[in-house]
Amino acid sequence: MNMKGSTHVLAPSEIALKAIPDDDRVWVPQAPDVYFRPMFLNTLTGQWCNLLKVTRSGILSRHLHPAPVFGMVLKGKWHYFEHDWVAEEGSFVYEPPGEIHTLNVPEDCDEMITFFNISGCMVYLNEENKQIGYEDVFTKIDMCRAHYEKVGLGADYVDQFIR
């Protein structure tokens, strides 16, 4: 049957890791005081799972996603200006495709960490809803390779998260 153990030989290997790393170099800078920690980078479906860590208050970005997004707040809190709810520690968030939202970390929050499961891309928008940038699994991989090379982990450090 061409199996090793209980896993088919063609199946990709599992990923089991400590979500919040002991080595701060694993956090990839994405903007001033904004970092992500890759956990799963799926190049076949365009999906990625990561932790987003923010160590400042204020607006992070105005964006939309063409596919659903799922999140769980591990530390701190945040909200979207377009909604009246606040995602606090332990909160689950579902973001429907196509919704424009502006992520904000409130003044009374020193650090926010949220797990996100994203498919497709993030489309960054200006106030006129014009696209000003995007991120997808491939731009995330490129950011990781450059950062890990720079901090001494080696560009191939990111390979452990790619499937």
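Is asparagine 129 buried, partly exposed or exposed? Hold on to that one for a moment, and hello, everyone. What we have on the screen is a predicted model, so please keep that in mind as we walk through it.

Now, back to asparagine 129. At a relative accessibility of 39%, asparagine 129 counts as partly exposed, because the partly exposed class runs between 20% and 50%. You can find asparagine 129 in the loop between β13 and β14. Its backbone is worth a look too: phi is near 65°, a positive value in a residue other than glycine.

There is a second residue to show you alongside it. Aspartate 33 has phi near 65°, again a positive value in a residue that is not glycine. Aspartate 33 sits in the loop between β3, residues 28-31, and β4. With 33% relative accessibility, aspartate 33 is partly exposed.

Let's zoom out to the whole chain. How many helices and strands are there in the chain? The count is one helix and 14 strands. The radius of gyration is 17 Å, close to the 15 Å that the globule rule gives for 163 residues, so the chain is as compact as a globular protein of that length. If you prefer to think in boxes, the C-alpha atoms fill one of roughly 55 × 35 × 30 Å along the principal axes.

A few more numbers for the chain as a whole. Of the 163 residues, 43% are buried. Take the contacts between residues at least 6 apart in sequence: 60% of them join residues at least 24 apart. The chain exposes about 8,800 Å², and carbon and sulfur atoms supply 55% of that area. As for charge, there are 14 positive and 23 negative side chains, with the centres of the two sets 5 Å apart.

Now for the inside. In soluble globular proteins, nonpolar side chains tend to be buried together. Here, the largest nonpolar core has 30 residues, and those with the most contacts inside it are Leu41, Trp78, Val105, Met112, Tyr148 and Val158. Several elements give two or more residues to this core, including β4 (34-42), β5 (47-54), β12 (112-119) and α1 (137-150). Which element gives the most to this core? That is α1, with four residues.

Let me pick out leucine 41 from that list. Leaving aside residues up to four places away in sequence, leucine 41 touches Gln47, Trp48, Val137, Lys140, Ile141, Val158, Phe161, Ile162 and Arg163.

Next stop, phenylalanine 116, which is found in strand β12. Phenylalanine 116 is buried, with a relative accessible area of 6%. Not counting residues up to four places away in sequence, it touches a list of partners, among them Trp48, Cys49, Leu52, Phe70, Gly71 and Trp78. If you would like a distance, the C-alpha atoms of phenylalanine 116 and glutamine 30 are separated by 15 Å, with their positions 86 residues apart along the chain.

You heard Gly71 in that list, so let's go there, citing its own contacts in return: beyond its neighbours within four places in sequence, glycine 71 meets Ser91, Phe92, Val93, Thr114, Phe115 and Phe116. Glycine 71 lies in strand β7, and at 4% relative accessibility it counts as buried. From glycine 71 to serine 91 is 20 residues in sequence and 8.2 Å in space, C-alpha to C-alpha.

Two more residues before we finish. Is histidine 65 buried or exposed? Histidine 65 is buried, with a relative accessible area of 2%, and its place is in the loop between β6 (58-64) and β7. Setting aside neighbours within four places in sequence, histidine 65 is in contact with Glu95, Pro97, Gly98, Glu99, His101, Ile118, Cys121 and Met122.

Last comes tyrosine 134, in strand β14, residues 131-136. Tyrosine 134 is partly exposed, with a relative accessible area of 45%. Not counting residues up to four places away in sequence, tyrosine 134 touches Met122, Val123, Tyr124 and Thr139. Arginine 37 is 97 residues from tyrosine 134 along the chain, and their C-alpha atoms are separated by 18 Å.

That's my tour. Thanks for listening!

Notes:
Residues numbered from 1 in each chain as written. Predicted model: local features only at pLDDT ≥ 70, side-chain atom pairs only at ≥ 80, totals over all residues. Heavy atoms only, no water. Core = buried A, V, L, I, M, F, W, Y, C linked by side-chain atoms within 4.5 Å. Buried < 20%, exposed > 50% of the residue type's maximum accessible area, 1.4 Å probe, protein only. Contact = heavy atoms within 4.5 Å. Rg over C-alpha atoms; globule rule 2.2 N^0.38 Å. Areas by Shrake-Rupley, 256 points an atom, 1.4 Å probe, with all protein chains shown as cover. Lys, Arg positive; Asp, Glu negative; His and termini not counted. Charge placed at Lys NZ, Arg CZ, Asp CG, Glu CD.
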